Every structure is written in structure tokens, then in C-alpha cells.
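Work through the exercises below with the model open. Try each task before reading its solution.

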Amino acid sequence: MHSKDQICHEDYQRTADWLLSQTQHRPKVAIICGSGLGMLADALKCQDSFKYSDIPGFPQSTVKGHAGRLVFGELKGKTCVCMQGRFHMYEGHSLSKVTFPVRVFKLLGVDTLIVTNAAGSLADSYSCGDIMIIRDHINFPGLAGLNPLNGPNDDKFGTRFPPMSGVYDKSLRKMAFDICKSMGVSQYVQEGVYCMVGGPNFETVAEARLLHRLGVDAVGMSTAPEVLVASHCGMRVFGLSLITNKVVKSYEDNETVNHEAVLEVSKMRSETLQVLVTELISQMDINNNTA
Ligand SMILES: O=P(O)(O)O[C@H]1O[C@H](CO)[C@@H](O)[C@H]1O
């Protein structure tokens, strides 16, 4: 890691202190909105919002469908902070920048992170518009040594060698399933394995076939770094992928995927996702960290 990418505890603290001085909200839950999923923040009541460009130390969003705003507010009486727009490695951000907000959230008092993303499906049984509750992930950049936890370990956040089995909280996954059942949307809800690739290109057919054979259900270019950093500092994590496209696995298939199509499908499920996330937050116990 280059020294310009090194972020020290005081950097996170400075940003957290600035935010605490600008809002009365003291969130326990943070939500990261995936591509085209920024409307999750619209449900927040009594909003205080900040453009990323106005927040000291914050990186900037450069991807269409990621507004670049941090929104604080109440969801059914629970205080949340919501990132309308995340940072990706392919934008040129270091992984410490990509995950910078997560550690700031920890310093704000957040103990639960909800991540969402747009993803392409590999699983044959999935359709466009399905919602996948993330059971686990494969972090390709991480396996290749690109990990936000690289570098000197900050013991104030967590241990040098954090375990990652069970990183997606089981009771929150069950709670989400039950909520989907009561919403009558179970027919398009799945549970599966998300795989992060570096992007920004979509997959070749050979790469898609490889991922399929590895047991990947959905692929995207985000999420794993934020989840690692959240889990490292002791946060509970829940994740949702919205299946925006089927990844092309056949040379006979002339379909191609593009970001505009991804954003279009995100819109289609925005309301369902909003209700699901709101209900989940309203049902979760956020004081003693048990669902
Ligand atoms: O993961 P999110 O941010 O939802 O975005 C997904 O959508 C974009 C590609 O259309 C990529 O950035 C991919 O990671």
C-alpha cells in the first residue's frame, strides 16, 4: 500500500467528529445503497443530509446511480445513516478509501451494517428482479491479496486475523425471509453466494462459466470490502443483492449487459426493497445487538 493511501485512526475520528457536530442523529444502523438503489434513503424521516464533497475526508462517487450523499434520519423510530452511493475499487479508490465510511460509522456508534448491491446472476434458477439475501461471499480481489485490512492492523478497530465464517448474520437473514413471506414476495427471494470481482468490465463467457462452477450465485464489483471492514470492527452485517441481469454463460447468447439496464431493473424493485429494509430495521433489536 502506498503511504498516500494510509489512513490513520485520527482521520476517521476527524470525519466522525465533524458529522457528530453537524447532526443530532446518533445512528445504530448504516445502510449502503447499491447501484440505482439510492431510494432506500428516501424513506428516512427527519433527514439531515450531506454531500460527500462537503464531508471532510470523504471520497467522491463517480458512478452513475450513486448520488454521493450521506443521509441521516429515522426509520420507524430507529436512527439510521444511509450512503446514497458507494465507492468502488475500479473508480481508482484504494480499498481503505472504499471502506473509509464504514469505520467512520463505527465511530458514530453504528453496530449494524446493511449492504445492498446490483448484481448479475450465475444461478440458473434466478431471474432478473430477484432479491438475493447474501448468505456468504467470495472475495476475488481479497483472495489475490487486495484487502482493505492490509497494512498495519488498527487494534482499536479489531484483531489482526478476523474470522469470516458466519459473517452475514444468520438471525437477520431468517428475519428477512420471514418478512418477505409476510410481504407475499417469497417467489422472487433467493439466498445465495455473492462474488466480488474487480470490474469495471462485465464478465467474459469463460469467466462466467468459472464463477458458475465455483458455486457463485451472483456477481458484482463491490460489497466484500465494506463487509470485511465492518465485521473486523465488530459490526453485525446483513446484505441484499438485487439481480439486475443474467450473466451471459453461453457463446450462443447474443445478449450483452450494460450499466443502464442494471439501473433500470434496480428501479423496478425499489419499493419492495424499501419496505423490506424498513421492516427489517424496525424488527431488529439494535440496542443489545441481538436480532
Ligand atoms: O455493486 P453496486 O455498487 O451496486 O454496482 C454494481 O453495478 C455496477 C455495474 O453496473 C458495478 O459497480 C456493480 O458493482
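Four exercises follow, on cysteines, a histidine, a pocket and a loop residue.

This is a predicted model, in which local features need pLDDT of at least 70, side-chain atom pairs count only at pLDDT 80 or more, and totals for chains, interfaces and linings use all residues. Residues are numbered from 1 along each chain as its sequence is written, and side-chain values use heavy atoms, with hydrogens and water left out.

**Exercise 1. Find how many disulfides the whole structure holds.**

Step 1. Set the cut-off: a disulfide is a pair of cysteine sulfur atoms within 2.5 Å.
Step 2. Search the whole structure. The result is zero disulfides.
Step 3. Check Cys 8. Its closest cysteine sulfur is in Cys 233, 16 Å away, which is too far for a bond.
Step 4. Check Cys 33. It is in no disulfide; the nearest cysteine sulfur belongs to Cys 82, at 3.4 Å.
Step 5. Add the exposure (buried is under 20% relative accessible area, exposed over 50%, partly exposed in between; 1.4 Å probe, protein chains only). Cys 8 is partly exposed at 35%. Cys 33 is buried at 1%.

**Exercise 2. Describe the surroundings of His 137.**

Step 1. Locate the residue. His 137 sits in strand 6, residues 131-139. Strands (E, at least two residues) and helices (H or I, at least four) are DSSP runs, numbered from the N terminus.
Step 2. Read the accessibility. His 137 has 13%, so it counts as buried.
Step 3. List contacts, meaning heavy atoms within 4.5 Å. Leaving out residues up to four places away in sequence, His 137 touches Tyr 168, Val 193, Tyr 194, Ala 224, Val 227 and Leu 228.
Step 4. Look for a polar contact: a pair of N or O atoms within 3.5 Å; within protein, one must be able to donate a hydrogen and the other to accept it, and residues adjacent in sequence count only if both atoms are side-chain atoms. The side chains of His 137 and Tyr 168 make one, at 2.8 Å.

**Exercise 3. Which strand gives the most to the lining of the largest pocket?**

Step 1. Take the elements that each supply at least two lining residues: strand 5 (112-121), strand 8 (218-220), strand 9 (236-246) and helix 8 (259-268).
Step 2. Pick the top contributor. Strand 5 gives the most, with four residues.Step 3. Recall the test: on a 1 Å grid over the protein atoms alone, a pocket is an open set of points where a 1.4 Å probe fits, with protein on both sides within 12 Å along at least five of seven lines; lining residues have an atom within 4 Å of a point.

**Exercise 4. Where is Val 63, and what is it in contact with?**

Step 1. Place Val 63 in the loop between strand 2 (45-51) and strand 3 (69-75).
Step 2. Leave aside neighbours within four places in sequence. Val 63 is then in contact with His 88, Tyr 90, Glu 91 and His 259.
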